[in-house]
Amino acid sequence: MSDFVILTDSSADLGADMAREIDVQVVPLGFVLNDRTYRNYPDNREMDPHVFYDRLRKGEVATTNAVNVAQYTEALEPLLQAGKDVLILAFSSGLSTTYNSSRLAVEELSAKYPERKLYTVDTLCASLGQGLLVWYAAKARERGGTIEEVRDWIEERKLNLCHQFTVDDLLFLKRGGRISAATALVGSMLQIKPVLHVDDEGHLINIGKARGRQASLKALVNRMEETAIDSGSLTVFISHGDCLEDAQEVERMVRERFGVQEVYINYVGPVIGAHSGPGTVALFYIGTER
């Protein structure tokens with residue numbers, strides 16, 4: 001195995017067991033509820049995701065904090081001092097300043113440790129889309145890929161990492177400026193559920209709509225049928241905003257329709273969940289295009 005560290009941030013929504021299994025390190029982003037700041041660690045040590053979503057359902061408003069330069073420096077410097085090279089796979093620059101913080105930290109520390117290899121990649125991904133890209137990077141490293149080979153593989157394929165998702169409560173998209181108040185009102189009355197994705201610039205984009213919850217979940221899988229590459233052999237990641245049964249329904253459809261064998265399900269963490277809300281379901285896989 002190549003001896004370098006893969007480091008990502010908690011927007012990747014990898015659980016502690018998965019992060020440990022694929023041997024990646026995770027820098028926590030922050031979120032704020034009721035004027036108290038929490039860190040979003042993979043093991044959820046500061047707040048259980050179910051508690052987080054319950055508080056959103058009760059009307060509390062969450063805000064989020066990106067990883068700053070100092071946090072990256074604090075995470076990276078001990079690794080560099082220990083003689084490790086590091087590849088950072090960062091949260092989409094279209095949604096957060098986290099990547100830019102990683103870039104500034106890399107510039108500073110590369111000058112301080114010129115003998116070390118230190119790279120950062122703007123994944124242009126979010127949630128388990130970012131997590132799936134990290135998973136692929138870890139598998140490439142496991143096969144013996146060098147840090148440059150893994151970095152280049154990720155750069156070449158990141159725009160094939162498809163993100164399809166839907167939300168249950170339009171309030172959160174309205175609050176984030178993704179839809180108008182009128183659209184949210186009418187959509188809620190008519191049970192219209194948007195279908196969205198993350199585009200090539202790493203932004204959230206509305207690509208369709210469905211009437212009713214079941215139809216919106218099916219729309220995610222229909223989109224996969226249009227874009228997935230060799231779907232039967234794909235690894236699929238699914239994230240959810242405290243609605244495990246809906247995520248499992250998407251898993252069932254994916255397994256039945258495509259014969260997919262490997263599926264990983266985890267929560268949409270507080271960093272993304274603050275903006276998408278309870279009831280979000282997202283489907284991630286490698287496809288022909290986003």
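**Notebook: one chain, overall build and one serine**

I started with overall size. The chain has 290 residues, and a compact globule of that length would have a radius of gyration near 19 Å; the chain has 19 Å, so the two agree. I noted that this is a predicted model.

Next I took the outer dimensions. Along the principal axes, the C-alpha atoms fill a box of roughly 60 × 45 × 30 Å.

I then looked up the secondary structure. I found eleven helices and 13 strands in the chain.

How much of the chain is buried? I got 54% of the 290 residues. For the outside, I noted an accessible surface of about 12400 Å². Carbon and sulfur atoms hold 47% of that surface.

I turned to contacts. I looked at those with a separation of 6 or more. Residues 24 or more positions apart account for 76% of them.

Charges came after that. I listed 31 positive and 41 negative side chains. The centres of the two sets lie 4 Å apart.

Last, I picked one residue, Ser-102. I located Ser-102 in helix H4, which covers residues 98-112. Is Ser-102 buried or exposed? Its relative accessibility is 0%. Buried means under 20%, so Ser-102 counts as buried.

Which residues does Ser-102 touch, leaving out those up to four places away in sequence? I wrote down Tyr-72, Ile-88, Ala-90 and Thr-120.

Definitions and conventions:
Residues numbered from 1 in each chain as written. Predicted model: local features only at pLDDT ≥ 70, side-chain atom pairs only at ≥ 80, totals over all residues. Heavy atoms only, no water. Helix = DSSP H or I, 4+ residues; strand = E, 2+ residues; numbered from the N terminus. Rg over C-alpha atoms; globule rule 2.2 N^0.38 Å. Buried < 20%, exposed > 50% of the residue type's maximum accessible area, 1.4 Å probe, protein only. Contact = heavy atoms within 4.5 Å. Areas by Shrake-Rupley, 256 points an atom, 1.4 Å probe, with all protein chains shown as cover. Lys, Arg positive; Asp, Glu negative; His and termini not counted. Charge placed at Lys NZ, Arg CZ, Asp CG, Glu CD.
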